[in-house]
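Visitor: I am new to this structure and would be grateful for a close look at a single part of it. Please then explain how that part sits within the whole.

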Protein chains: 2
Amino acid sequence: MHLSADSDISKWELLSSKYLYRHKYLTVRSDHVRLPNKFEIEDFFVIENPDWVNVVAITEDGLLVMERQYRHGLDIIEYEICAGMIDKGEMPIEAAQRELLEETGYSGGQWIGYGKSSPNPSSMSNINYSFLAKGARLTSKQRLEQTENIEVLLMSIDEVKQLMLQDEITEGIMLAPLWRYIVENELMNK
Amino acid sequence: MHLSADSDISKWELLSSKYLYRHKYLTVRSDHVRLPNKFEIEDFFVIENPDWVNVVAITEDGLLVMERQYRHGLDIIEYEICAGMIDKGEMPIEAAQRELLEETGYSGGQWIGYGKSSPNPSSMSNINYSFLAKGARLTSKQRLEQTENIEVLLMSIDEVKQLMLQDEITEGIMLAPLWRYIVENELMNK
């Protein structure tokens, strides 16, 4: 049911675009745009990042492969699922399988796409690809980068749900596939 | 169950901090940090933003108050829930009630906190406060800002669930409270 009778949603017109900052870890673009109502914004900032992946990984025993690590933006130690950047030339699923193996030592099982999401569609240009991996097994040791310090934990669905309800998992693009998995799980047990 | 026996997750040490860019709509901080393994990162970037709010608003008939608008970062027109920035001096719930009224004309009902989340805990410092508003009513006209062009739609839970499964709602911090509402709804109907 549409409530705004005169709705006319269309894209903004891009008048010009320049890079404000280009660094290995931060690229900021500044766009001069014209809105449908002719209003112009001279410096609409867009943060460009590589696309990301994350994985809801379930062991053969039905436990979730969770992580705990420090996140400097929020300055907190929090619970997460495995996540990372897609390397150049990689398919999203390849990146997700590589990251799960590197960060947790788990691999294998049945993998399905589990939604595309965005950290911030207004001012970030990258997409996050989520995956569900069912029946993953511990097949190797963790192989972390110098900047990574990740604790790996196996948790039941109920434990993860409690963490989410207590705001101990905060990243929106991780909460989305986790809640989605809980919906499917609740439905299965109906 | 802990898998990493030698886990020692601690915070990074902040050695120095400077602002790379300060603008009304973009603030970038660059931190020189030392990790627990003594590895140093000289320019870890953090995007500072005001805190945000969003609202899962349910009408007295059980429909969700949804929005459709253009998002320049992803360059797409997509479905969303009501969201906005917290103004200086505002409580999160005040900001959420103000934004719902301004963007959709809906107000009232029973409001509860519905989780805190983050667009990106690694490199963004702001928090998003979600709310669930049950029994909201159309009490005024939309009052949009010059930069806003928002279509308001009422949708059933099943319609919203389909949009999420089809990746037509992308923002992670919006997907989280929407999936959470669907979990509660599925449980209620068990």
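**A helix and its surroundings**

Guide: The domain assignment divides chain A into domain 1, residues 13-48, and domain 2, residues 52-188. The model is a predicted one. Taken over C-alpha atoms, the centres of domain 1 and domain 2 of chain A are separated by 31 Å.

The part chosen for a close look is helix 1 of chain A, residues 92-104. Helix 1 of chain A has 13 residues, which at 1.5 Å a residue should span 18 Å; the C-alpha atoms at its ends are 18 Å apart, so the expected and computed spans agree. After helix 1 of chain A comes A:G105, which has a positive phi, near 85 degrees.

Which residues of helix 1 of chain A are buried? They are A:A95, A:A96, A:Q97, A:E99, A:L100, A:E103 and A:T104. In an α-helix there are 3.6 residues a turn, so residues three or four places apart point the same way. The buried residues of helix 1 of chain A pack against several strands of chain A: strand 4 (52-59), strand 5 (64-71), strand 7 (82-85), strand 8 (106-107), strand 10 (128-138) and strand 11 (151-155).

From the helix, the view may widen to the nonpolar interior. The largest nonpolar core holds 72 residues, and those with the most contacts inside it are A:V55, A:A57 and A:L178 together with B:V55, B:A57 and B:L178. Leaving aside residues up to four places away in sequence, B:L178 touches B:V56, B:I81, B:V160, B:M164 and B:I169. There is also a second, separate core of 14 residues, which includes A:F45, A:I47, A:M124 and B:V46.

The contact between the chains completes the picture. Chain B contributes 66 residues to the contact and chain A contributes 66 residues. On the side of chain B that touches chain A, at least two residues each come from strand 2 (26-34), strand 3 (40-48), strand 5 (64-71), strand 6 (76-80), strand 9 (110-117), strand 11 (151-155) and helix 3 (172-188) of chain B. Helix 3 of chain B supplies the largest share of that side, ten residues. By type, the residues of this side of chain B comprise 32 nonpolar, 21 polar and 13 charged.

Chain B is superposed on chain A by a rotation of 180 degrees with 0.0 Å of shift along its axis, at an RMSD of 0.0 Å. The two copies are therefore related as by a two-fold rotation axis. The same surface serves both copies, as 100% of the contact residues of chain B recur in chain A.

Key:
Residues are numbered from 1 along each chain as its sequence is written. Chains are lettered from A and ligands numbered from 1 in the order in which they are written. This is a predicted model: local features need pLDDT of at least 70, side-chain atom pairs count only at pLDDT 80 or more; totals for chains, interfaces and linings use all residues. Helices (H or I, at least four residues) and strands (E, at least two) are DSSP runs, numbered from the N terminus. The expected span of a helix is 1.5 Å times one less than its number of residues. A residue is buried if 20 or more other C-beta atoms lie within 10 Å of its own, exposed if 12 or fewer, and partly exposed in between; C-beta atoms are placed from the backbone. Two residues are in contact if their C-beta atoms, placed from the backbone, lie within 7 Å. Copies are superposed by least squares on the C-alpha atoms of residues with pLDDT of at least 70 in both. A nonpolar core is a set of buried Ala, Val, Leu, Ile, Met, Phe, Trp, Tyr and Cys residues joined through C-beta atoms within 7 Å. Ala, Val, Leu, Ile, Met, Phe, Trp, Tyr, Cys and Pro count as nonpolar, Asp, Glu, Lys and Arg as charged, and the others, Gly among them, as polar. Domain bounds come from an automatic or database domain assignment.
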